[in-house]
There are 2 protein chains.
Amino acid sequence: MAWLSATYSIASTAADIRRRAEALALEQSVEVPLEAVVDPRIRGEVVARVQEVEPEGDGRFRVVLGIATETTGPEVAQLVNMLFGNCSLQEDVRLMDVDLPPSVAARMGGPGGGIEGLRAAIGAGRRALTATALKPQGSSPAELAELCRTFALAGIDLVKDDHGLADQRYAPFEQRVAACQRAAQEASAQSGRTTLYAPSLVGGPTALHRQAEFALERGVRIVLIAPMLVGLATFHELVETFPDLLFLAHPAFGGTSRISPVWLFGRFFRLLGADAVIFPNHGGRFSYSAQECAGLAEAARCPWGSIRPALPVPAGGMTLDRVDELLEFYGDDVMLLIGGALLGAGMRLAERSREFVEKVAGA
Amino acid sequence: MAWLSATYSIASTAADIRRRAEALALEQSVEVPLEAVVDPRIRGEVVARVQEVEPEGDGRFRVVLGIATETTGPEVAQLVNMLFGNCSLQEDVRLMDVDLPPSVAARMGGPGGGIEGLRAAIGAGRRALTATALKPQGSSPAELAELCRTFALAGIDLVKDDHGLADQRYAPFEQRVAACQRAAQEASAQSGRTTLYAPSLVGGPTALHRQAEFALERGVRIVLIAPMLVGLATFHELVETFPDLLFLAHPAFGGTSRISPVWLFGRFFRLLGADAVIFPNHGGRFSYSAQECAGLAEAARCPWGSIRPALPVPAGGMTLDRVDELLEFYGDDVMLLIGGALLGAGMRLAERSREFVEKVAGA
């Protein structure tokens with residue numbers, strides 16, 4: 001019998017927390033009052049267990065449940081179901097962290113390439129990497145490809161689609177991906193350094209599969225995808241189906257539940273196969289703290305059995321004047337993603353893009 | 001050019017709300033500062049528009065954005081991306097409601113059978129319906145099938161798997177579904193009234209497809225599935241792939257504190273094809289208000305172009321003594337789901353199940 005440990009933060013009074021924790025253990029396993037569980041095997045091997053309860057301050061308690069891995073199996077949707085299915089509907093509960101038995105984690109697989117795979121695809125040594133985005137949506141494939149070429153000639157390591165790009169009439173998926181990938185490859189040949197283009201994949205399972213196949217055929221090495229938007233298990237299946245692709249995970253639709261972003265983006269996206277994880281950097285237009293960002297980067301990169309490290313990609317309203325500060329904060333195993341601040345340069349786009357590349361290289 | 005209207009609730013000061021609303025419009029469309037959008041076509045046809053701003057009290061404002069349906073297309077994941085992708089990460093924003101142009105809604109499809117389809121499958125007239133759940137997990141297929149038989153002989157209309165049942169070693173999917181479906185069919189033949197058995201489907205797209213096929217082959221008419229858990233677009237694709245199945249949507253992993261449950265479970269799950277929607281009833285062990293539950297039932301049932309009405313299924317810690325109150329509250333187009341309170345009867349399970357059926361029939 002193997003058990004995983006799930007850590008929750010629960011709003012409660014001290015008098016009530018033990019009862020609340022026991023109720024959570026039932027909710028996340030058998031979903032009936034304990035009296036209704038008569039089979040001693042189910043009581044002993046299936047019902048979740050309260051392992052720890054301790055005050056966190058501010059009227060909250062840290063509660064660790066032991067959840068039987070027999071109830072979750074090694075499948076993603078069911079794992080999430082047992083971790084945070086019903087209790088996602090209870091507003092006093094947040095999911096903070098999960099410790100999986102190594103054998104369960106290993107079966108989930110993790111990144112196919114991870115930080116090393118991404119560095120190898122770019123041909124970069126140990127330095128920090130640069131990334132930007134193709135925007136705004138509404139642009140034609142030719143306009144986006146031209147933008148991609150400019151960024152690539154400036155030496156930016158990775159140029160991703162805006163995550164809002166899908167299969168719209170003004171930039172159909174196949175035309176856009178073919179044009180941008182060609183631009184990235186031509187510019188790479190011209191500059192002598194590799195720029196990866198990462199098309200955005202979005203849709204139901206069949207569309208995602210078709211998009212991934214098309215991208216691979218065109219020589220694309222890495223794709224952008226939002227695991228919470230397409231479904232965590234759907235994402236995981238895509239990763240397993242396309243071992244030759246690298247996956248850059250986008251956090252879109254990921255802020256909807258009371259789940260710690262450190263665990264969700266840093267640890268769980270990595271476990272499901274993200275080679276790099278985009279997240280909202282502190283001090284931008286999103287609300288994460290410096291401490292959360294540091295924790296997230298650590299979760300993505302730390303040693304974890306056979307699971308390869310994933311590259312943290314802080315993003316969201318970042319500017320060039322923060323490059324030194326961010327490299328100081330994150331170290332070299334990072335990819336800085338600056339989008340709008342480059343595009344805001346207008347006619348000076350190429351120049352500002354080179355400035356970005358040089359600042360990161362020289363830091 | 002068609003536009004959808006998305007209504008958000010934003011925490012803000014009066015002085016700041018206009019700027020905040022404009023920033024949200026950019027975030028959910030072009031994702032760059034407006035200065036970086038030079039093409040007048042993109043400014044006019046792609047950038048989202050602030051349509052209304054009005055105070056709600058409590059430091060919040062109701063903001064309606066017009067979002068170009070050209071950016072969303074008729075595809076589910078991309079629609080959600082544009083509605084609540086990035087701004088799900090901004091804690092001051094809640095998504096409250098969405099009005100789609102009728103042509104976009106019609107292409108999403110809605111329920112294949114809806115309330116009428118479900119009534120026809122059961123052979124029930126206009127009365128309220130009854131449902132219960134097979135628990136606890138850890139039980140064997142034979143035990144679950146025996147429970148299913150008892151419930152069916154008592155005349156309960158629908159017996160669903162606990163949503164925690166997946167493909168676990170102690171109750172593998174195929175064995176469980178075959179046994180429970182057989183029990184439901186035999187009991188229905190014996191009692192002369194139809195009881196539907198709804199197996200729980202969970203997993204990645206390939207597993208879901210395989211499970212749905214197996215269920216159909218065994219004569220299953222309706223399946224249980226949690227759209228947020230498997231992914232909204234993955235759910236929608238399954239609905240389209242299996243027009244002969246009815247779908248009972250479970251709210252697991254849907255506790256998006258910042259999406260209105262009225263919209264998500266009542267309106268959006270219906271739009272994606274749920275014939276019936278389970279939701280946490282007021283006064284149970286979850287936190288929805290009576291007003292939210294009434295709104296949710298109304299959203300599921302109200303006239304909506306060609307989109308069939310879906311059946312509301314209030315659940316979550318309900319007891320027999322609430323039947324009259326709940327039928328008064330929801331009317332007859334409802335299915336009452338009582339799980340744990342029946343199982344808690346132990347040896348008196350059959351008796352209490354019949355009592356449930358009679359109470360609903362006699363109300």
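**A walk along the A/B contact**

Chain B and chain A share 31 residue pairs in polar contact, counting pairs with both residues at pLDDT 80 or more. That cut-off matters here, as you're looking at a predicted model.

Start by selecting the side of chain B that touches chain A. Its residues split into 32 nonpolar, 27 polar and 14 charged. Now colour the helices of chain B: α2 (40-45), α3 (69-72), α4 (76-84), α9 (205-217), α10 (227-230), α11 (232-241) and α15 (340-343) each put at least two residues into this side. The largest share, 6 residues, belongs to α4(B).

Next, show both partners together. You should have 73 residues from chain B and 72 residues from chain A in the contact. Between them the two chains bury about 5,700 Å², with 54% of that on carbon and sulfur atoms. Pick out Glu31(B), Leu89(B) and Phe253(B): this trio supplies 13% of the area chain B buries against chain A, more than any other three residues.

Time for some charges. There are 4 salt bridges between chain B and chain A. To see a salt bridge, zoom in on the side chains of Glu31(A) and Lys135(B), which sit 3.7 Å apart, N to O.

Last stop: the empty space. The structure has 7 cavities of 30 Å³ or more, and the largest has a volume of about 70 Å³. Select its lining, and you'll pick up residues from both chains, among them Phe253(A), Val80(B) and Phe253(B). Two elements give two or more residues each to this lining: α10 (227-230) of chain A and α10 of chain B. By type, the lining has 9 nonpolar residues, 2 polar and no charged.

Notes. Residues are numbered from 1 along each chain as its sequence is written. Chains are lettered from A and ligands numbered from 1 in the order in which they are written. Side-chain values use heavy atoms; hydrogens and water are left out. Contact means heavy atoms within 4.5 Å. Buried area is the accessible area (1.4 Å probe) that two parts lose on being put together, summed over both. A polar contact is a pair of N or O atoms within 3.5 Å; within protein, one must be able to donate a hydrogen and the other to accept it, and residues adjacent in sequence count only if both atoms are side-chain atoms. Helices (H or I, at least four residues) and strands (E, at least two) are DSSP runs, numbered from the N terminus. Ala, Val, Leu, Ile, Met, Phe, Trp, Tyr, Cys and Pro count as nonpolar, Asp, Glu, Lys and Arg as charged, and the others, Gly among them, as polar. On a 1 Å grid over the protein atoms alone, a cavity is a set of points where a 1.4 Å probe fits but cannot get out, and a pocket is an open set with protein on both sides within 12 Å along at least five of seven lines; lining residues have an atom within 4 Å of a point. Grid points are joined across faces, edges and corners, and a volume is the space filled by probe spheres set on the points.
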